[in-house]
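Me: I would like to go through the reasoning behind some labels attached to this model. Please set each value against its cut-off.

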Amino acid sequence: MRTPIIAGNWKLNNTISEAIELTQGIKRLVADTTDVEVIVAPTFTALAAVYAVIQESNICLAAQDVYWENNGAFTGEISPTMLKDVGCEYVIIGHSERRQFFAETNESVNLKTKAALTTDLKPIICVGEHLEDREAGNTEKIIEDHVSGGIKDLSAEQMLSCVIAYEPVWAIGTGKTATPKQAQEVHVYIRQLISEAYTDEIANQVRIQYGGSVKPDNAAELMSQPDVDGALVGGASLQAESFAHIVKSSIK
Ligand code: PEP
């Protein structure tokens with residue numbers, strides 16, 4: 001049985017005081033919720049303040065990106081050790097916005113994933129096809145490329161610390177959600193890829209989130225799919241009520 005995992009990706013939103021207020025709201029609304037892992041991913045500048053709010057709660061902290069070196073002349077970057085130091089347990093890697101706007105590649109995703117794991121940070125590796133890929137029948141090809149590139153050379157133990165987020169790019173921030181059937185099909189395919197690279201047992205333990213316009217009114221149906229183990233939520237994670245609703249919808 002895989003524990004559902006719901007992560008809120010706040011993207012480029014919220015000042016420190018806004019982040020604190022949002023976190024306090026989420027903390028209050030999910031305080032009694034068990035059997036779901038709840039994660040918030042603020043901007044780098046709000047990580048420390050959010051961590052102070054979630055200490056001794058059932059909420060974990062994630063960063064939205066990381067660099068693969070731990071120190072040196074890399075102006076503007078943040079290292080895995082720094083994220084660990086500020087209280088992060090997870091880090092989102094390879095989000096489609098980073099692939100699209102910041103030249104993230106499968107190679108950089110793999111370097112970041114390995115660096116995170118070495119520092120005891122759990123990667124949430126994002127994969128997903130564009131609309132043209134889906135329409136051309138290339139969804140599996142893209143997913144295979146993103147998954148195999150992201151997890152390349154990971155040990156079985158490291159694989160077990162990773163979460164995969166399936167995020168069809170055409171569904172992110174567009175209000176268009178994959179149907180539960182479309183999500184389930186790709187999640188099964190991702191599990192098959194992990195099984196081929198490792199074992200069935202490992203594939204059955206790795207959690208695979210769905211992301212792309214998850215909202216309170218579609219979350220329960222998506223989460224009810226057998227291979228959908230939670231959600232990576234963008235827009236709807238910016239309001240405590242809608243995020244908490246999605247958290248509660250994920251309990252199987
Ligand atoms: C995301 O940013 O990962 C995401 C899924 O965004 P949204 O929920 O807004 O589509």
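Reply: This is a predicted model. Among contacts between residues at least 6 apart in sequence, 72% join residues at least 24 apart.

Me: What makes the protein count as compact as a globular protein of its length?

Reply: The protein has 12 helices and 8 strands. Its radius of gyration is 17 Å, and the globule rule gives 18 Å for 252 residues; the two values are close, so the protein is as compact as a globular protein of that length. The C-alpha atoms fill a box of roughly 45 × 45 × 35 Å along the principal axes.

Me: How much of the protein is buried, and what area does the protein expose?

Reply: Buried residues are 54% of the 252. The exposed area is about 11,200 Å², with 50% of it supplied by carbon and sulfur atoms.

Me: How do you know how many disulfides there are?

Reply: A search of the whole structure finds 0 disulfides. For C88, the nearest cysteine sulfur is that of C60, 10 Å away. A disulfide needs two cysteine sulfur atoms within 2.5 Å, and C88 is in no disulfide.

Me: Why is C162 without a bond to C126?

Reply: The sulfur of C126 is the closest cysteine sulfur to that of C162, but the separation is 12 Å, which is too far for a bond.

Me: Why are C88 and C162 called buried?

Reply: Buried means under 20% relative accessible area. C88 has 3%, so C88 is buried. C162 has 2% and therefore counts as buried.

Me: Why does T23 count as buried?

Reply: The relative accessibility of T23 is 0%, so T23 counts as buried. T23 sits in helix α1, residues 16-30. Setting aside neighbours within four places in sequence, T23 is in contact with W10, V50, V53 and I54.

Me: Why is N14 called partly exposed?

Reply: Partly exposed lies between the 20% and 50% limits. N14 has a relative accessible area of 24% and is therefore partly exposed. N14 lies in the loop between β1 (5-9) and α1. Not counting residues up to four places away in sequence, N14 touches A19, L22, T43 and L238.

Me: How far is N14 from V186?

Reply: Their C-alpha atoms are separated by 32 Å, and the two residues are 172 residues apart along the chain.

Me: How far apart are the mean positions of the positive and negative charges?

Reply: The mean positions of the 20 positive and 34 negative charges are 2 Å apart.

Technical notes
Residues numbered from 1 in each chain as written. Predicted model: local features only at pLDDT ≥ 70, side-chain atom pairs only at ≥ 80, totals over all residues. Heavy atoms only, no water. Buried < 20%, exposed > 50% of the residue type's maximum accessible area, 1.4 Å probe, protein only. Helix = DSSP H or I, 4+ residues; strand = E, 2+ residues; numbered from the N terminus. Rg over C-alpha atoms; globule rule 2.2 N^0.38 Å. Contact = heavy atoms within 4.5 Å. Areas by Shrake-Rupley, 256 points an atom, 1.4 Å probe, with all protein chains shown as cover. Lys, Arg positive; Asp, Glu negative; His and termini not counted. Charge placed at Lys NZ, Arg CZ, Asp CG, Glu CD.
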